[in-house]
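Dear colleague,

I am passing on a structure that you have not worked with before, and below it I have set out what was found in it. Please read the notes with the structure open beside them.

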Amino acid sequence: MKPLGPGDPASVGDGRYQLTHRLGQGGMGVVYLGRSPSGRAVAVKVVRPELSTEPGFRRRFADEVAAARRVGGFHTAPVVDADPDADPAWLVTAFVPGPTLAAVLARVTALPLDTLTVLAAGLAEALEAIHRAGVIHRDFKPANIIIAEDGPRVIDFGIARALDGTTLTQTGMQVGTPGFLSPEQLTGGTITPAVDMFALGVVLAQAAGGAPFGDGPATARHFKVVYEDPDLTEVPEELRELVADCLAKDPADRPTPSGFLRRLTVHHRPAGQGWLPDAATQLLPRAPYPAPYPMPEPGSAPEPGSGMGYGAGYGARGSNWV
């Protein structure tokens with residue numbers, strides 16, 4: 001997290017959302033920490049100005065924002081406001097304090113079975129809500145999952161399609177992240193909600209301490225995704241078949257989120273123990289944060305790369321936003 005620089009806007013929405021810090025940036029734009037008129041912390045995503053001139057970008061962005069605003073459920077960071085017609089276009093989402101799953105897995109190599117099943121259920125519920133709204137995430141990965149005290153939150157859903165046909169994709173930038181792309185994404189097939197279920201399988205295998213398609217160069221992993229069976233030896237036996245079905249080469253053979261949930265047995269810890277192992281709990285904010293006022297001073301929040309997510313994809317390397 002960094003203080004605003006000379007070229008950063010002070011607000012968006014005619015002053016409605018005041019921006020206080022820069023959280024990160026990427027191919028699609030810059031993410032800021034901001035506050036609403038009531039002082040509530042929000043994540044404000046400002047689109048790169050040059051994208052607004054791309055043919056069809058504003059229409060696609062508006063369509064995706066409209067769909068994303070229909071997403072509900074307990075396990076997503078909802079879109080609360082947007083203006084696709086602004087110069088530049090912007091999007092506001094809820095601000096969720098907590099580390100990304102990527103940061104948790106850097107500290108806790110493998111999650112225990114009970115935590116893994118709660119994580120699986122929360123992520124499947126999130127995808128169920130996202131798909132019900134007619135949205136496909138297309139960049140589902142640990143860096144786009146915030147770990148909160150009461151469960152996971154999925155962020156940055158439904159906006160990736162706005163990049164289709166822009167110079168970013170025409171010059172070789174692929175929508176999605178290597179290691180989480182399904183066979184049909186890699187081979188030019190039809191994109192359906194099943195791509196998110198494939199990514200869910202990869203996420204859960206990694207959360208169990210595995211690397212289903214290895215951890216080598218992207219080209220080697222892509223070859224294995226398309227042509228080889230995943231290595232699921234680290235996935236607990238109870239979950240192995242379900243995760244394997246998510247990683248089926250044929251999208252028609254993958255479960256839907258609701259089908260996944262019907263087959264999943266969730267193991268809850270005793271009351272009062274929370275759902276995370278101690279090493280992961282230590283990464284959670286130690287106090288309710290952020291409070292409506294005051295907003296954090298520069299330097300008081302996690303350093304860049306720490307993996308603190310706040311519903312903004314902060315620290316999410318390879319994301320379309322940061």
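The expected span of a helix is taken as 1.5 Å times one less than its number of residues. With that in mind, helix α1, which runs over residues 57–68 and has twelve residues, reaches 16 Å from its first C-alpha to its last, close to the 16 Å expected. Its buried residues are Phe57, Arg60, Phe61, Glu64, Val65, Ala67 and Ala68, and because they cover an arc of only 160° around the axis, they lie on the same side of α1. What do these buried residues of α1 pack against? Their partners are the strands β5 (41–47), β6 (79–83) and β7 (90–94).

Before going further, please bear in mind that this is a predicted model. The pLDDT of the chain averages 85, and 82% of the residues score at least 70. Over residues 165–173, however, the pLDDT is below 50, although this stretch has 18 contacts in the model beyond near neighbours in sequence. Residues 288–306 also stay under 50, and for them the model has 38 contacts beyond four places in sequence. Where pLDDT is low, the predicted coordinates should not be read in detail.

Turning to the interior, the largest nonpolar core has 63 residues, and those with the most contacts inside it are Leu101, Leu111, Leu119, Phe140 and Phe260. Several elements give two or more residues to this core, among them α1, β6, α2 (101–107) and α6 (194–207), while α3 gives the most, with eleven residues. Domain 1 (16–95) and domain 2 (96–158 + 176–285) both give residues to this core, so it lies between them. To take one residue from it, Leu111 is in contact with Leu101, Val104, Leu105, Leu116, Leu119, Ala207 and Pro277, once its neighbours within four places in sequence are left aside. Apart from this core lies another, of eleven residues, which include Val30, Tyr32, Val42 and Val92.

One further residue may be worth finding on the model, namely Asp156, which lies in the loop between β9 (151–154) and α4 (167–170). Is Asp156 buried or exposed? Its relative accessibility is 11%, and because buried means under 20%, Asp156 counts as buried. Along the chain Asp156 and Lys45 are 111 residues apart, yet their C-alpha atoms are separated by 9.9 Å.

With kind regards

How values were computed
Residues numbered from 1 in each chain as written. Predicted model: local features only at pLDDT ≥ 70, side-chain atom pairs only at ≥ 80, totals over all residues. Heavy atoms only, no water. pLDDT = per-residue confidence, 0-100. Contact = heavy atoms within 4.5 Å. Helix = DSSP H or I, 4+ residues; strand = E, 2+ residues; numbered from the N terminus. Buried < 20%, exposed > 50% of the residue type's maximum accessible area, 1.4 Å probe, protein only. Arc of directions from axis to C-beta. Core = buried A, V, L, I, M, F, W, Y, C linked by side-chain atoms within 4.5 Å. Domains from an automatic or database assignment.
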